[in-house]
Structures are given as C-alpha cells and as structure tokens.
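Here are my notes from going through the model, point by point. Have it open alongside as you read.

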Amino acid sequence: HTWGPATEAVNQLYGMIYSAIPQANYAIETLTPAAATNARVAKVLAQVKVSRAYYYYLAIDNFGDVAFPTTFTGADEFPKKTPRAEVFAAIVKDVEDNVALLPKQGDDGVVRSDITQGMGYTLLAKLYLNAKVYTGTAMWEKAIAACDKVLALGYSLEANPLAPFVTQNENCKENIYTIPFDQDTYKGFNLHMRTLIDLSQQTFNMSTAPWNGFATLEAHYNSFPAGDKRLAGILVGQQKTKAGDDIQDPKSGNANLVFTANIPNLQMSLGTNTQQQIRMAGARPVKWEIAAGAKDNLSNDFPLFRLADVKLMKAEALVWLNGAGAGDALVNEIKARAGIAQTSGYTLDNILAERGREMMWEGHRRQDLIRNGKFENTWWEKSDTDPNHRLFPIPENAINANKNLLPQNPGY
C-alpha cells in the first residue's frame, strides 16, 4: 500500500471518474427540457442520472471528499471539495428518485451493460451497505431492502459458479451490470496477459504470449476447501498444452512448468530466487474463460454487479443487524453452488472470507475490508497499517490544475 499522488493507477481512476461526470452533466442538461412530455427521453434521463450517481459512488468510495459538479453550463471551473456525506445523500436521492423509471432486464432491447432497475437497486445496496463508512451512520435495514428489490427482479444464480465469466456471457442470468468487451471491437480486458506466463500460450492456443505477472496470494488459495468448484478458476500444478502434453520451460533449464501456490517474495531476483521461482511462483487466475485462440484482449464481459454479490451483501447486512447466523440461508446458497459443505452460525468474518472466495478478482475486496475494519491488518508482505490509506490521494495533476481541491487527503 505504497501509492501516492503521482501513482499511475490512482491518476487513471480519478481521470476516468471525472471525464465521465461532465458528459453526464451535459446529457442531463440537454435531455431535461423534453423529459416532462416524452417518456422515452425521461427514461434515458433517469439512466444518465443513475449512471452519474455510480461515478460519484466510485469517487466517494475511493477519494472521500470530492469535487461535486452537477451542472454543465456555467459550471465552476475550479470546484471545491464537497464533504463525502453530502455527496452520499445527493446521489442516494438521485438513484431513489429515478430507479423506478429505469428499464428492467428482459425489456425489449435491454442488455446487461444498460442502466436498469437491477443496476440501480444494486447501487443503492452498495451505498447503504457502506453508509457507516461514508457518513458515520449505519443503514443496514435500507441495504437489506435494496437487496430485496434486486432479488425480486428475476435474476438467478447460474448452476456453475464460473458461468458468469465465460466468453459468451452477455446473456448470463446472474449478471446484473457489466462492462461489454470484445477482442476486436471493444478492447480493454487483458487480465490473462497480466497473469499468465508466455508458455501459457500453448495451453490456450493463444495468438500472443502473456507477460507473467499477477497471481493469487498463497493464503487465499489455501482458504478454498477441497472440491470447491471455484478452484477451476485458478491454475496451479503441471501446465499442459491444449493437446494435454506437459509443458517444459526452456528458460528454466527445461524444467516442467509447474505453477506453485507459494510465492517466496513480492520482489524476486536471480541470486535470491531460482529462475523456476521467478517464472512459476503463484497460482494464476483463469476465472474468466480464456477461449481457444484468444488474442491479447478477451471478449468476456466484466460483471460489475451480479446476483451472488447481492445475496452476500444481504447476508452481511442481516448479520450486522441481527447477529451471527442471520444470513445463513443466503451464504449457504453460494456455498452449495460451489459444491462445499454448508453449516450455520456464520459471522461477519465468515461472510467476509466467503466474499473473498466468491468475488475474487472482481474489484470488491478493498471496500469489503474497509467496511469490516480489516484494511489495516497485515498479511504476507503487506505491512502498512495506516488508516489514512483507506482513501487514495487526490492526484497531483488534479491539484496542480485546481488548488481548490486542497487540502490533500490526510497521510499524503
């Protein structure tokens, strides 16, 4: 956790949020005059308002107090920061006022990357589940009610826990809100390139060689029970060609290519580590199907919101409200699908662990750990315990362009 105001990923996140918001403000201003008399325009306007609320949800979740422009014409060129709780209240109102106007999944022409009622109510559930973090006041009952709205909309769990991540997942009945990707026309999803080794090209008959990088922590991999169907989304052990033959690694003296769960060090180098460790350490995620012949971008849509998440959110809110065991039925649905033993009396820690297994690599863990007071824990080579790091810094380039964004978030 050593990011700072000049870290590229922080800058990209902030830039993505604040490039979308002015576009939404312009669309809202343009659509509003006709919305009162045209139902189709009113629906699109509602979608834009909820979409803008989603981006502000990302802003307050990651940066705390943020600039909060809601107009386009005459907008302040140098906006000041608005307190996190005020932004929270405003975007909750935007979603609550507009969610009933949104289309439903199953309406003519509606796809899973559209802003739908399912997306809107899931966004509300996220906001309410994290309300204590954002405002200091817990809103568990409202989180449960928002989850119930989603559960009533007809989504259902797939039988296979990896079905939401297959290449052709655009009609997955579990996925609520997705980012659409295509290897040729909607590029940008290249997780496989960032995780697999160059020789994995032989496993999937890929048209290009991956770069070797991200892997799953050993402790997390070991937390999966034996027989958990979700383990099919993690590569360990002897790697095979598409034809089923063992792969050897010429760069490691023709040793068998065997991915190990153990990663000796975060930073590895020859002299400290063997070439085999550098090349092969780490369980590699293949949760998103890598189709035969895959290119450097995948065609799998990325689920931002899906039903399993909603069920686990409701289970957690029930336990926050009523104590251990209150979310058992919902947790056991997820565990039953994974093919593992179901028990009872699940605590917040149990649900957090199950969320870690079910939602792995989907971008929820930071938020989950913060909400449960675990973000300052240490693990493996992560020694940072600074609570200021629950928020990212406002990027240096944003502050240089607008001094009204000062003061910087504490700790940076």
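1. Let's begin with Arg 230, which counts as buried because its relative accessibility is just 5% (buried means under 20% relative accessible area, exposed over 50%, partly exposed in between, with a 1.4 Å probe and protein chains only). Its salt-bridge partner is Asp 228, with the closest N and O atoms 2.8 Å apart; a salt bridge here is a side-chain nitrogen of Lys or Arg within 4 Å of a carboxyl oxygen of Asp or Glu. Asp 228 is buried too, at a relative accessible area of 3%.

2. A word on what we're looking at: this is a predicted model, in which local features need pLDDT of at least 70 and side-chain atom pairs count only at pLDDT 80 or more, while totals for chains, interfaces and linings use all residues. Residues are numbered from 1 along each chain as its sequence is written, and side-chain values use heavy atoms, with hydrogens and water left out.

3. Which residues share a salt-bridge network with Arg 230? Glu 174, Asp 228, Lys 287, Arg 306, Arg 337, Glu 354, Arg 357, Glu 358 and Glu 362 are linked with it. The count of salt bridges comes to 27.

4. One pair in that network deserves a look: Glu 358 and Arg 337 form a salt bridge with their closest N and O atoms 2.9 Å apart. Glu 358 sits in helix 13 (residues 348–358) and Arg 337 in helix 12 (residues 328–338), so the pair ties together parts that are 21 residues apart in sequence. Helices (H or I, at least four residues) and strands (E, at least two) are DSSP runs, numbered from the N terminus. Both Glu 358 and Arg 337 are buried.

5. Glu 174 is another network member, placed in the loop between helix 6 (140–151) and strand 3 (175–179). Is Glu 174 buried or exposed? Buried, because its relative accessibility is 0%. A polar atom of the Glu 174 side chain lies 3.1 Å from the backbone nitrogen of Glu 158. Not counting residues up to four places away in sequence, Glu 174 touches Ser 156, Leu 157, Glu 158, Pro 164, Arg 306, Leu 307, Ala 308 and Arg 337 (contact means heavy atoms within 4.5 Å).

6. Helix 14 holds a local pair: Arg 371 and Asp 368 are three residues apart, about one turn of the helix. Their salt bridge has its closest N and O atoms 2.9 Å apart. Arg 371 counts as buried at 7% relative accessibility, and Asp 368 is buried with a relative accessible area of 1%.

7. Now to the N-terminal helices. Helix 1 (residues 8–35) has 28 residues and reaches 40 Å from first C-alpha to last, close to the 40 Å expected; the expected span is 1.5 Å times one less than the number of residues. Its buried residues include Val 10, Tyr 14, Ile 17 and Leu 31, and what covers the buried residues includes helix 2 (39–63), strand 1 (66–67) and helix 15.

8. Helix 2 has 25 residues and reaches 36 Å, close to the 36 Å expected, and it is mostly covered, with 19 of its 25 residues buried. At its start, a side-chain oxygen of Asn 38 comes within 3.0 Å of the backbone nitrogen of Arg 40. Just after helix 2, Gly 64 takes a positive phi of about 80 degrees.

9. Leu 318 lies in helix 11 (residues 307–322) and counts as buried at 15% relative accessibility. What does Leu 318 contact, leaving aside its neighbours within four places in sequence? Ile 144, Gly 323, Ala 326, Gly 327 and Leu 330. Leu 318 and Ile 144 are 174 residues apart in sequence, with 7.2 Å from C-alpha to C-alpha.

10. Some backbone spots to check by eye. Asn 205, in the loop between helix 8 and helix 9, has a positive phi of about 50 degrees although it is not a glycine. Asn 254 likewise has a positive phi, about 60 degrees, without being a glycine; Asn 254 is found in the loop between strand 6 (248–249) and strand 7 (255–256). The peptide bond from Leu 406 to Pro 407 is cis, with omega near 5 degrees, and Pro 407 is in the segment after helix 15.

Technical notes: Polar contact = N/O pair within 3.5 Å; in protein donor to acceptor, adjacent residues only side chain to side chain.
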